[in-house]
Amino acid sequence: MAYNLSEGSLQVIMNGGHYDKPVMQVLGSKKIQGSGANEKYRLLVSDGRHSYSFAMLAIQLNDKLITGELSDYSVVQIDRFVTSLLKNTGKGEKRVMVILDITILAPGSQVGKKIGNPQTLTDESSASAAPAPAMQPVPKPTPAPQRTMPVTTTNLDSSILSSQMTHPIASLSPYQNKWVIKVRVMNKSPIRSWSNARGEGTLFSMDLCDETGEIRATAFKNECTKFYDMIQVDKVYYISRCQLKTANKQFTNLKNDYEMTFTSETVVAECMEEASSVPTIKYDFQPISEIANKTPDSLLDVIGVCKMASDLQELTARNTGKQLKKRELTLVDSSGGAVTLTLWGTEAEKFDVNSNPVITVKGARLAEFNSSKSLSCLASTMVRYNPDLPEAHKLRGWYDQGGANMDIVNISAKSGVYTGGSNEWISFADAESRQLGSGEKGDYYSLLGVVTFLFTDNAVYKACPQEQCNKKLVDQENGLFRCEKCNREYPNFKYRLLLAANVSDPSGDQRVTAFNETAEAMLGRPAADIGRMFEYDKNSYLELFEEVKFKTFVFKLRTKMETYNDEARLKTIVMNAQPVDYKDANAKLIKSIQTMTGVEL
DNA sequence: CCCCCCCC
């Protein structure tokens, strides 16, 4: 019987390339460290053309070798493997393959011989290119020298560790505990304390990654104190002897089924050598336009350009009474979506409002409020500004070359209290002929309209600082402001918008009023910013209004006949103003053409 | 062993 080995695959793999599920023959194996449950084996494998001895068997596959299922001359399909470049004690780098999963296609006893005449593959990345040492083609469990792990971080020579085989994150599991990982710290939380029925203490957690995956590690109490200062974001460490357990996906979106806990046995040593092969961070970016379809409370990775930023806002948490600081950023990307990202605390304070950085967030929580979705940073969320990433440079290019002016759909747009009405677009002429607004209750309708004029006078006012009260304040000219509704004076106020505008469509036009949230959506800036501009930078204020003129929105309007001074007149309020989603707009237009013409398009 | 992460 002939066995087809994947000839040439080893050369591809050892040059750092990928080869999908190569078929190889095992020509030998050798125990290189540990004993009992912690044994580790090195294999001599052949693809028929070359043989290579720096193939490691992941510990979970040891059984196959020990039981004899996997033996010399076995033909196997390597379903999953990783390779990594290792420092080879002064002789440059050596690429090692770690076999994570195999299917045995034919037992060694059936094959019974070496297939072909494979030549030893020399390590091409190494100048010395020493041939791999030959191994006996018979598994002889020889007592390998026991590797003793230093237990403390003091006097730990990291070169000892680096000369050893490190284990890929992807192969860690609770069923093996003898490993060393070489990982970069992606994120480190602040120290936090807890107190509950099961006890109290301090902890911090960190997110780690290597070429094969990522994992969260948490250090409690003694380990928290011992390692907090040492562990630094972006640095690479050798870590061993942690406890692994199943990760709770509710609190992390790292791609790993497990997480680890530091124990008193845990060893951490900084990697002092060049370690650029260990990646800096792993993202699973979601296009902003897709965020609206995600489940609330899920943790997402997003990249976007900060198109606008609110002022710093201070507020009191309702449940805890804690003083909070927040800043809301609007992120846009080339998907045509926009989303609000809320920063908290010092992250909010230190944000430079005069910049439009590319921002990456990893593990931001999708929040839902009043049926609009936004992102909120948690303590565990990684936020980076203008990171040196291909995606970031691409997005910067998009933004600077017109993306900044692109019409966007803000999935976080506040929808006000609007609930009624049809989503069908009608025209002002339709609204008139249907006599909308003549009834007791008022009528709702939607249309595609252009803002043709904005009244800049009285568009922003100083409102009562009380949460539920938006009453315009009377300036007492003594540093205090009086609210007639609350019947008291305040030293502070909040800006609110009350925007009057004209909206036109091809059939006519209508004077409309937009209250705070909808006016913010139309003007594209928070009321606080607009108030500040009105007060201190009138030119920018007027410019902003000029920019919005002739912008098109999908309006949801509420219209009702009201009587002023014996004169009945239609009052139309903007319930919602959304930038145009042209894909959706075109579908609606095509549908209405079909309805009108009866022609299938 | 945490897992709170805030506000409209």
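How many Å³ does the second largest cavity have as its volume? About 60 Å³. Some notes on the rest, going through the model piece by piece.

1. Ground rules. This is a predicted model, in which local features need pLDDT of at least 70, side-chain atom pairs count only at pLDDT 80 or more, and totals for chains, interfaces and linings use all residues. Residues are numbered from 1 along each chain as its sequence is written, chains are lettered from A and ligands numbered from 1 in the order in which they are written, and side-chain values use heavy atoms, with hydrogens and water left out.

2. Cavities. On a 1 Å grid over the protein atoms alone, a cavity is a set of points where a 1.4 Å probe fits but cannot get out, and lining residues have an atom within 4 Å of a point. Grid points are joined across faces, edges and corners, and a volume is the space filled by probe spheres set on the points. By this rule there are 3 cavities of 30 Å³ or more. The second largest has a lining that includes Asp207, Arg216, Phe251, Lys362 and Met382. Sorted by class, that lining has 4 nonpolar, 5 polar and 3 charged residues. For the classes, Ala, Val, Leu, Ile, Met, Phe, Trp, Tyr, Cys and Pro count as nonpolar, Asp, Glu, Lys and Arg as charged, and the others, Gly among them, as polar.

3. The second largest pocket. A pocket is an open set of points with protein on both sides within 12 Å along at least five of seven lines. This one has a volume of about 730 Å³. It is lined by 25 residues, of which Arg192, Leu203, Ser205, Arg216 and Phe251 are the closest to its centre. Two or more lining residues come from each of strand 7 (180-188), strand 8 (192-196), strand 9 (199-210), strand 10 (213-220) and strand 12 (258-270). Strand 9 gives the largest share, 4 residues. The lining splits into 10 nonpolar, 8 polar and 7 charged residues. Helices (H or I, at least four residues) and strands (E, at least two) are DSSP runs, numbered from the N terminus.

4. Nonpolar cores. Here a core is a set of buried Ala, Val, Leu, Ile, Met, Phe, Trp, Tyr and Cys residues joined through side-chain atoms within 4.5 Å. Buried means under 20% relative accessible area, exposed over 50%, and partly exposed in between (1.4 Å probe, protein chains only). The largest core has 32 residues, and Leu499, Met522, Leu523 and Phe555 touch the most other members. Its largest share, 5 residues, is from strand 26 (residues 494-505). Apart from it lies another core of 29 residues, including Leu10 and Met56. Back to Met522: beyond residues up to four places away in sequence, the residues it touches include Val451, Val548, Phe553 and Ala577. A contact means heavy atoms within 4.5 Å.

5. Helix 7 (residues 390-400). Ala392, Leu395, Gly397, Trp398 and Tyr399 are buried in this helix. They pack against strand 13, strand 15 (323-332) and strand 17 (358-369). Gly402 follows the helix with a positive phi, near 115°.

6. A small item on edges. Strands 23, 24 and 25 form an open sheet in the order 23-24-25, with antiparallel pairing. Strand 23 (474-475) and strand 25 (488-490) are at the edges with a single partner strand each, so one side of each is left without a neighbour in the sheet. Strand 24 (residues 481-483) pairs with strand 25 over 3 bridges, and Phe481 has Tyr490 as its bridge partner. Two strands pair if DSSP finds at least two bridges between them.

7. Leu480. This residue is in the loop between strand 23 and strand 24 and is partly exposed, at 27% relative accessible area. Leaving aside neighbours within four places in sequence, Leu480 is in contact with Val474, Asp475, Glu489, Tyr490 and Pro491.

8. Backbone checks. Two residues other than glycine have positive phi: Asp297, near 80°, and Asn458, about 60°. Asp297 is in the loop between strand 12 and strand 13 (299-309). Asn458 is in the loop between strand 21 (443-454) and strand 22 (460-463), and is exposed at 62%.

9. Two serines. Ser53 is in strand 3 (residues 50-57) and is buried at 1%. Ser427, in the loop between strand 20 (409-410) and helix 8 (428-433), is buried at 17%.
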